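Let us take a friendly walk through a protein structure, starting where two chains meet and then turning to a sheet and some backbone details.

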Protein chains: 2
Amino acid sequence: MNGAEALIRTLVDAGVDVCFTNPGTSEMHFVAAVDEVEGMRTILGLFEGVVTGAADGFARMADRPAATLLHLGPGMANGMANLHNARRARVPLVNIVGDHATYHKQYDAPLESDIDAAASTFSGWVRRPMQTEDLSQAAAEAVAAAIGPPRQISTLILPADVSWGDGATPASAVPPRAGATVADDVVERVAKVLVSGEPCVLLLGGAANREAALRQASRIASATGARMLTETFPTRLERGAGVPAIDRLQYLSEFAVAQLEGTRHLILVDANSPVAFFAYPGKASDLVPEGCEVHLLAGPADDSSGALAHLADRVAADVEPLLAPASRPDRPSGELSAEAVALALGAVLPEGAVVIDEAATSGIWAPGATAGGPKHDWLTLTGGAIGIGLPLAVGAAVAVPDRRVIALQADGSAMYTLQALWTMAREQLDVTTVLFNNHSYAILNMELQRVGANPGPKALDMLDLSRPDLDFTSLARGMGVEAVRATTAEELTDALERAITEPGPQLVEALL
Amino acid sequence: MNGAEALIRTLVDAGVDVCFTNPGTSEMHFVAAVDEVEGMRTILGLFEGVVTGAADGFARMADRPAATLLHLGPGMANGMANLHNARRARVPLVNIVGDHATYHKQYDAPLESDIDAAASTFSGWVRRPMQTEDLSQAAAEAVAAAIGPPRQISTLILPADVSWGDGATPASAVPPRAGATVADDVVERVAKVLVSGEPCVLLLGGAANREAALRQASRIASATGARMLTETFPTRLERGAGVPAIDRLQYLSEFAVAQLEGTRHLILVDANSPVAFFAYPGKASDLVPEGCEVHLLAGPADDSSGALAHLADRVAADVEPLLAPASRPDRPSGELSAEAVALALGAVLPEGAVVIDEAATSGIWAPGATAGGPKHDWLTLTGGAIGIGLPLAVGAAVAVPDRRVIALQADGSAMYTLQALWTMAREQLDVTTVLFNNHSYAILNMELQRVGANPGPKALDMLDLSRPDLDFTSLARGMGVEAVRATTAEELTDALERAITEPGPQLVEALL
């Protein structure tokens, strides 16, 4: 078999059986091999930012990597912003980046570029096999490196002749490793801090945002009086009625500082020490309060859930977790606002929904309105590179086809990777997109004030999306996705309720 | 004044007075400064690939650089594919990439990434001033480096605090340099080759594709019997009635090999030695025929037009250039095909048009049908990274507002940077887009055969755009651009004729 066939068989054998693709000429043998080897599902994206964001969404919900197939340096570059987000999400992901044949690179053909240098900026593992017989083993190691722990991005650069060369054999999957058990003395040290009576915050992130870990953290918090917080932008937060509730560290650093004020011990569980998202003149970058000690319970390579369980047994032996009670807001009425959209979502949220939140300023009411809704997952923009929402929704829907994906999407960021709607239509994914159309980069209008800048008309024009207005129902229909427009809270609620029960994708445009 | 204000004044004083922007929080002081300093026109793109492709199009038509304003590493990454194309086009371009404040980088905030490494893959000049007082001089040098010669991409990484810091003063523009005069002995050597009686090809590229240089090349060809060819994908080719006609080196290497067969001397004038675009099993990568000598008359840093004039005086003293005669095809009728679109374009092409060609397989008839049309420019996809057409059209229309820009755009590649339509609407640019909708990545269907792959249903599905069909009239209207659909040759010709006389942007969708 040729290299491409052995590569695909190796990936499938290692559990990577979904590949989001946007191929070109140098990937044509991979494309052809997909029919020769059983078991690989390929999903086309019309732009690489869709492909990479979808692989991220898949990994968040499937807890295993998908592959991407990208076309040389420029194809990878088009996917880099969402690969940045995936890196920050600490998800496993395997990029296959096609490149010129090994002997062709010397000619500096038009598509030649330094793939290795660019890939290294977001990948934890990069390799370029130079011979067909080395390809399968590299692929098996790419998957293992992606799975970790810690989870990370692997990028396998695939020269065309390595792909089309013959005599390849598939490689066996590398046996998976478990997360490292956190040492007893680390748990003991944190336990002492927790029972000291001094104000403690448990800052959870990554794998510690899943229900099992949250339950242990809640026991600890209940027993010791420590507060629980999660990262500002969680990769995947399990929440809703019956799951311990947890506040997110606020995006605006002024508020985050207020949240953390008085904290004497900050205990990190698969989370980074809190820092401001951006620097602002005269404001702090490091958000750890003065005099507060930072303790690491578990990092991304550790078994954070096990560490929390161990810690809970130590400090909260007979304590039960505090679970969010069931509650839903009433259906909203009257004028349509971002808050009304949130209430509508809370009123109709289905069991097991996956909520993708790239609503930016329009989304601030949504977590509150859904806190007591049926159990669901909440996925956010982890790396600040806008344009993740719709691609994430694609990947999540592929990973959990029996669940409804609801994408809360701001207008400005939607325009970065709107092509994801086409993939939703092609694959008939159960994704309901709620498009908040407020005709502006509202968050930048806010940030412009916060950095202390004094905007004039040209500046404001650069943050305005109203000349001309974007019509998202036309845009969605242009890509084969049914769309309706809502101008009142009632219309929005009805449209949303209908959309989440219909198979396939729909878009509801909320005109704010 | 603050750093941002001094930066903008420095850019404007150096002749950079258009900035294509997609800013974020770290660029807010730059955004605000645009109102404080006279003379900088800012043009918003809804995606960075639009921004960078527009800067390329501007440079091709204005012969001077525009600036871009990009948001940290991910914003730059989104613009990288078209920066790759701009690098291959050898246009001057100045990127301003906002970054975290110098003191904030240590905290590895979510948007932190290695901008320097990624920028180095496409930039000839990269600098990161660390103090406000160093910013203006760096900006002046960035512009000078971009202008060259050789022309190249400069990337100025702008930490937020360097931008907002006070006490800056603008820097003076660096005096421009002329292209190097090609030495007499180089000209003499090439002259001897040309008059040797052996088969010669003059391969023109870059600046040698402009009318003045083409006229000199044509004199040389007429006098010596040498053939003229231009690069496969010219940055900007002046052509039409009254300009010497020149064939392009074919994209398909089989045909390029046939074009070059028997050539004994290949004379490069601001062009690279010909290589295959991709490697194919069993086919040559280097397209120079065996036994053919390659001679460099002028490189990108040289005055290639001057060298051609010198050479023409030496070998073609009394010879006139051979100019393309005026001729137009008849208006086509009947079934709509890519060929019919080309004939329609030839029939109605206005004087001074700027044709942007990203029509891929659908565009192959267009050059022939317009060869005798009124004088016009032809701009192509220089680096193989699809998604350049509509952004190039934006930039070209900004650069030459008195001329009609006609974008010949394939469907698959249109979907990479379709957001450019919104900028056309906002700026009311005189751009007529002809959208070839053939419902597939037709070029990849061809390439799949050429690489010798044997496609099955999954493979073919990855190259198909018909499930669902893209409706480009809906998509265009969703971004505020008037659009019509043509299903016959007559409809297409009428729609195109009407569109090119109306102010502002229009899209004509050719259903093939």
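How many residue pairs are in polar contact between chain B and chain A? The count is 42 residue pairs, both residues being at pLDDT 80 or more; a polar contact is a pair of N or O atoms within 3.5 Å, where within protein one must be able to donate a hydrogen and the other to accept it, and residues adjacent in sequence count only if both atoms are side-chain atoms.

Before going on, please note that this is a predicted model, in which local features need pLDDT of at least 70, side-chain atom pairs count only at pLDDT 80 or more, and totals for chains, interfaces and linings use all residues. Residues are numbered from 1 along each chain as its sequence is written, chains are lettered from A and ligands numbered from 1 in the order in which they are written, and side-chain values use heavy atoms, leaving out hydrogens and water.

**Where the chains meet**

On chain B, 93 residues are in contact with 93 residues of chain A (contact means heavy atoms within 4.5 Å). By class, the side of chain B that touches chain A has 50 nonpolar, 26 polar and 17 charged residues. Here Ala, Val, Leu, Ile, Met, Phe, Trp, Tyr, Cys and Pro count as nonpolar, Asp, Glu, Lys and Arg as charged, and the others, Gly among them, as polar. The rule finds six salt bridges across this interface, a salt bridge being a side-chain nitrogen of Lys or Arg within 4 Å of a carboxyl oxygen of Asp or Glu. D108(B) forms a salt bridge with R88(A), and their closest N and O atoms are 2.7 Å apart.

**A sheet in chain A**

Chain A has an open sheet of six strands in the order 2-1-3-4-6-5, with parallel pairing. Strands (E, at least two residues) and helices (H or I, at least four) are DSSP runs numbered from the N terminus, and two strands pair if DSSP finds at least two bridges between them. Strand 2 (41-44) and strand 5 (125-127) of chain A are the edge strands, each pairing on one side only. Strand 1 (residues 18-21) of chain A pairs with strand 2 of chain A over four bridges, and C19(A) stands opposite T42(A).

**Backbone details**

Most residues other than glycine have a negative phi, and most peptide bonds are trans. Here are some exceptions.

| Place | Feature | Value |
|---|---|---|
| R467(A) to P468(A) | cis peptide bond | omega near 0 degrees |
| R467(B) to P468(B) | cis peptide bond | omega near 5 degrees |
| R90(A) | positive phi | near 55 degrees |
| Q428(B) | positive phi | about 50 degrees |

P468(A) sits in the loop between helix 18 (457-461) and helix 19 (472-478) of chain A.
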